[in-house]
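User: I'd like to learn how to read a model like this one, feature by feature. Could you walk me through it?

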Amino acid sequence: MSTLDITEQPDLSKRPATPNGKPHVLIVGAGLAGLMLALLLEKADIPYQIFERAAKIRPLGSALSLGANILPVFEQLGLLEEIERISLPVYEQKLYDGNMKNIGSMTMREYKEFTGYDTFIFARPRLYEVMFDRVPAEKVFMNRKVLALEQNHLGVMIRCNDGSQYHGDILIGADGAYSSVRQALYKKMLAKNVLPKSDNESLAPSFVTTVGVTDPVDPEKYPALRESTVNFSQVIGGQLMSWGTLTIPDNRICWGASLQLTSETESKEQQFRNSEWGPESIESSLALFRDCRVPIGGTLGDLMDATPKDLISKVYLEEKLFETWHYGRTALAGDACHKMLLSAGQGAVNAMQDAVVLANVIYDLESTTQEAIEAAFLDYRTQRYPHAKYQYINSKLVSKLMTGQVKRYFLS
Ligand SMILES: Cc1cc2nc3c(=O)[nH]c(=O)nc-3n(C[C@H](O)[C@H](O)[C@H](O)COP(=O)(O)OP(=O)(O)OC[C@H]3O[C@@H](n4cnc5c(N)ncnc54)[C@H](O)[C@@H]3O)c2cc1C
């Protein structure tokens, strides 16, 4: 994404008037981090606007899971029942080799006893709908790709692709792994020589993953759909390939297939490279995995055929934990500051945990001066960074396990 420098010095004090000296928050990106922050600010009665580059929401993505480390927030927002309605609890994940031989399992049966919450699995688009529908329409600006930002001691300003400008006290970049806000912020920091060297290095992809959710399929063909809990199986297929399926309500099956990138596979895939989640260039992946058998019955090709083509998405999965999470009046959240590998949604949970801590520090602000905001953001990073680092390492390990790069960890 190209960043555009704002050359004139705009009047950054032009932010909308807010009641009781509360800060006005601009959120870039209506992904799960941005939406969670919006819901929490709404509840705290803190003024905000949210800007999303997509003209309309595309229901992309496969299975995500939510457990005890984020469900209490949904409970406080009055959304726990909605989550239960769209999901099934998961108690076990089984691992298979390419010949459909069970080679191990991970159990999550005791989680509820220890934490008070089951772990739930659902299709990402359903969670997205639940959250998006709760944000007041007048606060969401679709089709606004943020291209540039400017900030000083008076306020912060963004400019969008249509030339529109918005002012606020605080800017949150929740705009995903290729965050424009991060790029614009880091460019300014680089010019001032205050950006850590590692933050200027690009993300390195480890896997290319293709995912989808089938339309309702026949339980006669897939008897596991009759179970009241998630049937979760992952196949370590060899030749750098792994794939998995998860059952969800309404007789649907989430599926995903990953190819580990090495110098050999990378060169074949390079020509199709597209860094965002999307239905583009999926044909090579579909062909590669089509004949792979799945423990739930049949082949991955059967599941691909039961999935609308435009809802199958492919993404190059990168991993990176950025050191710089905030500068001046701007902070980053979610994939914009820590990109984790896909493991049924560690990225999503961490993104929403960022939003929770950000909402808390913004709520506690006693003034909207730059000093007060910088102190709040420092508090945010201090609280979140160690957890994100732990999850980053953990997600790396789980991904390795699920793709056959670690043989003995967790295996029974
Ligand atoms: C379409 C899609 C499908 C996904 N499917 C899965 C999945 O199946 N399994 C899984 O584990 N994870 C999936 N993810 C990733 C997962 O949602 C994220 O890792 C996690 O939720 C972190 O969320 P985030 O809000 O930080 O970033 P994201 O979910 O990436 O959201 C960022 C948002 O910012 C918007 N945006 C980007 N640039 C700009 C800009 N310049 N101006 C305005 N808006 C901008 C994007 O359109 C997007 O809506 C998917 C993400 C997307 C976007």
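Analyst: We will go from the whole chain to its ligand shell, two helices, a strand and a few loop residues.

Analyst: Before that, two notes on the source. Residues are numbered from 1 along each chain as its sequence is written. This is a predicted model, in which local features need pLDDT of at least 70 and side-chain atom pairs count only at pLDDT 80 or more, while totals for chains, interfaces and linings use all residues.

User: Thanks! How many helices and strands does the chain come to?

Analyst: Helices (H or I, at least four residues) and strands (E, at least two) are DSSP runs, numbered from the N terminus. Here the chain has eleven helices and 20 strands.

User: And what share of the residues count as buried?

Analyst: A residue is buried if 20 or more other C-beta atoms lie within 10 Å of its own, exposed if 12 or fewer, and partly exposed in between, with C-beta atoms placed from the backbone. By that rule 44% of the 412 residues are buried. For contacts, the C-beta atoms of two residues, placed from the backbone, must lie within 7 Å. Of the contacts with a separation of 6 or more, 72% join residues 24 or more positions apart.

User: Now the ligand. Which residues come nearest?

Analyst: A residue belongs to the surroundings if its C-beta atom, placed from the backbone, lies within 6 Å of the molecule. There are 33 such residues around the ligand, and G29, G31, G61, G334 and G347 come nearest. For chemistry, Ala, Val, Leu, Ile, Met, Phe, Trp, Tyr, Cys and Pro count as nonpolar, Asp, Glu, Lys and Arg as charged, and the others, Gly among them, as polar. The shell holds 16 nonpolar, eleven polar and six charged residues.

User: Where do the shell residues come from?

Analyst: Helix 1 (32-44) and helix 10 (346-363) each give at least two of them. Domain bounds come from an automatic or database domain assignment. Domain 1 (19-59 + 127-202 + 319-398) and domain 2 (63-124 + 203-318) each provide at least three shell residues.

User: Why does the span of helix 10 agree with its number of residues?

Analyst: The expected span is 1.5 Å times one less than the number of residues. Helix 10 has 18 residues and should therefore span 26 Å, and its end C-alpha atoms are 26 Å apart. Helix 1, with 13 residues, reaches 18 Å from its first C-alpha to its last, close to the 18 Å expected.

User: Are these two helices mostly covered or uncovered?

Analyst: Helix 10 is mostly covered, with 13 of its 18 residues buried. Helix 1 is mostly covered too, with ten of its 13 residues buried; L32, A33 and G34 are among them. The buried residues of helix 1 pack against strand 1 (25-28), strand 2 (48-51), helix 5 (124-132), strand 12 (170-173) and helix 10.

User: What about strands? Which ones pair with strand 5?

Analyst: Side chains in a regular strand alternate between the two faces of the sheet. Two strands pair if DSSP finds at least two bridges between them. Strand 5 (residues 92-97) pairs with strand 6 (residues 102-107) in the antiparallel sense over five bridges, and with strand 14 (residues 232-238) in the parallel sense, also over five bridges. L95 has G104 as its bridge partner in strand 6 and Q234 in strand 14. Strands 5 and 6 form a hairpin with four residues between them, and M100 in the turn has a positive phi of about 65°.

User: Which loop residues should I look at?

Analyst: D45 lies in the loop between helix 1 and strand 2, and although it is not a glycine, its phi is positive, about 60°. D45 counts as exposed because it has 10 C-beta neighbours inside 10 Å. D250, in the loop between strand 15 (241-248) and strand 16 (252-260), is not a glycine either and has a positive phi of about 65°. In contrast, M340 sits in the loop between strand 20 (338-339) and helix 10 and counts as buried because it has 28 C-beta neighbours inside 10 Å. M340 and K396 are 56 residues apart in sequence and 7.4 Å apart in space, C-alpha to C-alpha.
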